[in-house]
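Please look through the structure shown here with attention to its charged side chains. The report that follows takes up their exposure and their pairing.

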Amino acid sequence: MATIGTFKPTATGFEGTIATLMTNKKVRFVANEKKKTENSPDYFVKSGRCDLGVAWNDVTEPQDDAEPLEYISVKLDGPEMTKPINAALFHREDGADLVWSRPKSSS
């Protein structure tokens, strides 16, 4: 997994930067205070006035003796992307890291 962003918690979510070969953007995860259903996103991902994606609180499946790990499942999308990007925001002691990995090829 590659870290593509670092974030700090705020009163309403997280703020930080997504940095890749193609972009370097300041980004906010804004809590969805008006969830209409249980499946509605927990966060909206924004840069300036642009919507970049949505995110949901999630928990990993327990494996072997490992405890489940809380994280935020992220889906980023935009007109410049050929398809949406799935990522995960993992909490750490002083903030959070946004990580991404290329899906395994089906061939």
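## Exposure of Asp94 and its partner

In this predicted model, Asp94 has a relative accessible area of 46%, and because the partly exposed class lies between 20% and 50%, Asp94 is counted as partly exposed. Arg92 falls into the class of partly exposed residues as well, with a relative accessibility of 30%.

The side chains of Arg92 and Asp94 come together in a salt bridge, in which the distance from N to O is 2.3 Å.

## The network around Arg92

Arg92 also forms a salt bridge with Asp97, where the closest N and O atoms are 2.9 Å apart. Arg92, Asp94 and Asp97 are thus found linked in a network of salt bridges, and Arg92 is the residue that pairs with Asp94 and with Asp97.

## Lys46 and Asp51

Another salt bridge joins Lys46 to Asp51, with 2.5 Å between the closest N and O atoms. Lys46 is partly exposed at 22% relative accessibility, whereas Asp51, at 53% relative accessibility, is exposed. Asp51 is placed in the exposed class because its value is over 50%.

## The structure as a whole

How many salt bridges does a search of the whole structure find? The search finds four, among them the pairing of Lys46 with Asp51 and the pairing of Arg92 with Asp94.

Key. Residues are numbered from 1 along each chain as its sequence is written. This is a predicted model: local features need pLDDT of at least 70, side-chain atom pairs count only at pLDDT 80 or more; totals for chains, interfaces and linings use all residues. Side-chain values use heavy atoms; hydrogens and water are left out. Buried means under 20% relative accessible area, exposed over 50%, partly exposed in between (1.4 Å probe, protein chains only).
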